[in-house]
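Let's take a walk through this structure together, one region at a time. Please keep the sequence and the model open as you read.

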Amino acid sequence: MKTDIQIAQEASLKPITEVAKALGMCEDDLELYGKYKAKISDEYLAKIAGRPDGKLILVTAINPTPAGEGKTTTSVGLGQAFGRLGKKAVIALREPSLGPCFGVKGGAAGGGYAQVVPMEDLNLHFTGDFHAITSANNLLSALLDNHIQQGNELRIDTRQVVWKRCLDMNDRVLRNVVVGLGAKTDGTVREDHFVITVASEIMAILCLARDLKDLKERLGRIVVAYNMDGEPVTAGDLKAVGAMAALLKDAMKPNLVQTLEHTPAIVHGGPFANIAHGCNSVRATKAALKMADYVVTEAGFGADLGAEKFFDIKCRIGELKPDAVVLVATVRALKYNGGVPKAELSAENMNALAEGIVNLEKHIENLQKYGVPVVVTLNSFVTDTENEITYVKEFCENRGCAFALSQVWEKGGEGGIALAETVLDILEKKESNFKVLYEDTLSLEAKIERVAAEIYGADGVNYSAQAKKQLQRLEKLGFGSLPVCMAKTQYSLSDNPELLGRPAGFRIDVREVYVSAGAGFVVVLTGAVMTMPGLPKNPAAFSIDVNEDGVITGLF
């Protein structure tokens, strides 16, 4: 079987101007980045603002396992299937981070015959958005430290600097660093930290801002530190907003590419879902809704992270109403949740399937709480048996969910027609009664505990002494009305990655809480989740190369 990158490199791409033409766009509506990539112009976005919205379909998944689930692959394949059925569809996805590409997870362009292309560009530098975000973030860091060096007029308490530098790479040694060493002219010595770019507040702001005006207002609200009186110091106080916005001006424009079957794909923004809000930009999603009758978008990792944040953060802030949700599972992943080692997942094992399907059951229950119709799809593997598929199908239908088999990895859009037809049927027959999980008026603690109990199934929440103080301070400063962004392991419904299936009798441990005032949410760090990942012993970078003809190999 060909690898993903081989399939992508052998594909025949259309010029992006032709892809845009199918959406009724002309070349003047685009800002071209070569033949196959373009940014959508601000003028075009303004021109289509008055159009009615299409239908919004979210693709999410069960908790990820080493067996693989194929959420992005399903999103791409579903969009391609809509195209084969003669429907006007656009796929709206996140941009991949370099961290996973060179680490262990790989890229995020889909797989098999359900990919977004050009695959190498998408997974590497693309149109430079992440570099712009990194630069804006670190400009703010430089201005902050320079302000302290130049007399500290704002009376910043250097022990209470909360702004972190960032880099879009897994580099664990940068998690905790000391800056300002050397001569007096080299700055004030203090402890500092790095986060990966996709966990940065600038990334979240870019993905939640409506336009350039909103972007600048959000940048101005960023809390970078506290002064000697315990009052917040903002990026606006540091006079950083204009320069940061200048760096982000082009990054604010959504990117247009295509799938292997030439379905338009808007790929923009890329926050992680385990440590950020895990969705593509509001601006891209809203543009897609004006450009197509059906928009397929995805949210990162399992539904306990990506979908919860899509609903409770992105839809709340962006005033979006999803019409349906597709929940992706695999027989292999369900058996893994039932205790089967990865090496033995190919064999039929009905007992393990019955044990592990409780993970799917919990995600179904969670999604139904939001009032959005649910379709469960099994991402098909050749090792799946009829008994296993029938068992999952009946399990889902008994819980009020539509069901469809997906073969998009192997067959592209053709393999997603059954899923597309099921989604279309649901959209026709069932109305979305979307509602968020909690009200703005609840306290931060109450919001955390609502998510922990309702979504994770926890018995309660344990707060560190530090987290308790931070919550009290944030409430006192007026941030209590913001939604919470839970940072948690993706591998379990709990904050312990070892607890698979549907764990019970556990509590969530909250160790730290801080406000992303510009993004408009409060980040809650649970368990041992890290905002700067590290590389494994044998990172994917070992296999990536480029030959003398400039052809990249080893990306997946």
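A residue is called buried here when its relative accessible area is under 20%. With that in hand, and bearing in mind that this is a predicted model, start at helix α8, which spans residues 201–208. The helix is mostly covered, with eight of its eight residues buried. Reading along α8, you will meet Glu201, Ile202, Met203, Ala204, Ile205, Leu206, Cys207 and Leu208, and each of these is buried.

Helix α8 also takes us to our next stop, the second largest pocket. This pocket holds about 1,100 Å³ of space. Its lining is made up of 41 residues, and those closest to the centre are Val162, Lys164, His193, Glu512 and Tyr514. Several elements give two or more residues to this lining, among them α8, β7 (156–161), β12 (223–227), α19 (465–476) and β22 (508–516). Strand β22 makes the largest contribution, with six residues. If you colour the lining by class, you will find 21 nonpolar, 10 polar and 10 charged residues.

Now look at how charges and rings meet. Two of the residues closest to the pocket centre, Lys164 and Tyr514, are partners: Lys164 lies over the face of Tyr514, 5.4 Å from the ring centre. In another such arrangement, the charged end of Arg473 sits over the ring of Tyr226, at 3.8 Å from its centre.

Rings also meet other rings, and the model has five aromatic pairs. What is the geometry of the pair formed by Phe311 and Phe434? Their ring centres are 5.5 Å apart and their planes lie at 45 degrees, so the pair counts as tilted. This pair joins distant parts of the chain, 123 residues apart: Phe311 belongs to helix α12 (residues 303–318), while Phe434 is in the loop between α17 and α18. Phe311 has a relative accessibility of 1% and therefore counts as buried. Phe434, at 18%, also counts as buried, because the cut-off is under 20%. Zooming out a little, ring pairs link Phe310, Phe311, Tyr370 and Phe434 into a cluster.

Our last stop is Leu98, in helix α5 (residues 98–102). Is Leu98 buried or exposed? Its relative accessibility is 11%, so Leu98 counts as buried. Setting aside its neighbours within four places in sequence, Leu98 is in contact with Asn123, Leu124, Asp168 and Met169. To place Leu98 relative to another part of the chain, find Gly300, 202 residues away in sequence; the C-alpha atoms of Leu98 and Gly300 are separated by 16 Å.

Note on methods. Residues numbered from 1 in each chain as written. Predicted model: local features only at pLDDT ≥ 70, side-chain atom pairs only at ≥ 80, totals over all residues. Heavy atoms only, no water. Buried < 20%, exposed > 50% of the residue type's maximum accessible area, 1.4 Å probe, protein only. Helix = DSSP H or I, 4+ residues; strand = E, 2+ residues; numbered from the N terminus. 1 Å grid on protein atoms, 1.4 Å probe; cavity = no way out; pocket = protein on both sides within 12 Å on 5 of 7 lines; lining within 4 Å. Points joined across faces, edges and corners; volume = space filled by probe spheres on them. Nonpolar A, V, L, I, M, F, W, Y, C, P; charged D, E, K, R; others polar. Phe/Tyr/Trp six-rings, centres within 6.5 Å; stacked < 30°, edge-to-face > 60°. Lys NZ or Arg CZ within 6 Å of the ring centre and 35° of its normal. Contact = heavy atoms within 4.5 Å.
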